[in-house]
Amino acid sequence: MDGYLANLPDVVRLAEDYEAIVMVDDCHATGFMGPQGRGTPAHHGVEVDIVSGTLGKALGGAVGGYIAGPRPVIDLLRQRSRPYLFSNSLPPAIVAAGIEALKLVEDGDELRSQLFENSAYWRAGLTDLGFELLAGEHPIIPVMLGDARLSQEMANGLFAEGVFVAGFFFPVVPNGKARIRTQMNAALTREQLDVALEAFAKVGRELGVVS
Ligand SMILES: Cc1ncc(COP(=O)(O)O)c(C=O)c1O
């Protein structure tokens, strides 16, 4: 939610000390973090026991997801996982598209470096305008506003300027931590980012968020 990366090296070290297993929900990293988009564990160069991922975010917006882990865990989930047991399976076309998306992701280093370049440019632009961001390197870049109503007014104002963003507020995030969650995209050009920055500046000034 916040675009923070978990400190997996320390988590894994602790798990080794206590003979625990580590599970990572990597939905917000699959496809673009780490070499070949292999996710947060690969980004940190560590191995974990169980990884869950989604086909519905960086892999292209389809439905569904997956859990990767040791055979006994997968066998157990096949018997006990309620969403898996009491739901129709993924349609074959979605599975085929997911497999193709994974192939694109493996060869996507150029797009990935563009994504992180765009993210850094966007972060720097918003910071220069005076917006408060949550620090980091992740392409999820939350613009902190605090107030739920303000986040909705800001999102509406930006939409009127041609920029689609969503306001996030309680109960999705803690009370008083409302924000606009921007998400960077490798396909956006510098010119498009500049247009969006101008819109943030205009609406932010109108609403007294920045001066
Ligand atoms: C951390 C995390 N895990 C899992 C999911 C679920 O992904 P999906 O909607 O593809 O099932 C989400 C959705 O936003 C998420 O934020």
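How far apart in helix α8 are Lys-202 and Glu-206? They sit four residues apart in this helix, which spans residues 190-206, so about one helical turn separates them. We will come back to this pair after a look at the whole chain.

A word on the ground rules: this is a predicted model, in which local features need pLDDT of at least 70 and side-chain atom pairs count only at pLDDT 80 or more, while totals for chains, interfaces and linings use all residues. Residues are numbered from 1 along each chain as its sequence is written, and side-chain values use heavy atoms, with hydrogens and water left out.

The chain has eight helices and seven strands; these are DSSP runs numbered from the N terminus, with helices being H or I of at least four residues and strands E of at least two. Along the principal axes, the C-alpha atoms fill a box of roughly 55 × 40 × 35 Å. Of the 211 residues, 36% are buried, where buried means under 20% relative accessible area, exposed over 50%, and partly exposed in between (1.4 Å probe, protein chains only). Among contacts (heavy atoms within 4.5 Å) with a separation of 6 or more, 61% join residues 24 or more positions apart.

Now to the charged side chains. Side chains of opposite charge can pair when their charged atoms come close. Here a salt bridge is a side-chain nitrogen of Lys or Arg within 4 Å of a carboxyl oxygen of Asp or Glu, and the count by this rule comes to seven. Lys-202 and Glu-206 form one, with the closest N and O atoms 3.6 Å apart. Lys-202 is partly exposed at 40% relative accessible area, whereas Glu-206 is exposed at 56%. Glu-161 joins these two residues in a network of salt bridges.

Helix α5 offers a similar story: Glu-100 and Lys-103 form a salt bridge, their closest N and O atoms being 3.0 Å apart. These residues lie three apart in the helix (residues 92-106), so about one helical turn separates them. Glu-100 is partly exposed at 43%, and Lys-103 is partly exposed at 45%. In helix α6 (residues 109-129), Asp-109 and Arg-112 are also three residues apart, about one turn, and their side chains meet in a salt bridge at 3.0 Å, N to O. Asp-109 is partly exposed at 47%, but Arg-112 is buried at 8%.

Arg-181, in strand β7 (residues 178-183), makes a good counterpoint. Arg-181 is buried yet has no salt bridge, and the nearest side chain of opposite charge, Asp-2, is 7.5 Å away. For this comparison Lys and Arg count as positive and Asp and Glu as negative, with His and the chain ends not counted. Beyond its neighbours within four places in sequence, Arg-181 is in contact with residues including Met-1, Ile-140, Phe-168 and His-28.

His-28 leads us to the ligand. The residues around the ligand (a heavy atom within 4 Å) are Asp-25, Cys-27, His-28, Thr-54 and Lys-57. Polar side-chain atoms of His-28 and Lys-57 lie 2.6 Å and 2.7 Å, respectively, from an oxygen atom of the ligand. The protein covers 47% of the 390 Å² of accessible area that the ligand has on its own, as given by the Shrake-Rupley method with a 1.4 Å probe; for residues, only the protein chains shown count as cover.

Technical notes:
Polar contact = N/O pair within 3.5 Å; in protein donor to acceptor, adjacent residues only side chain to side chain.
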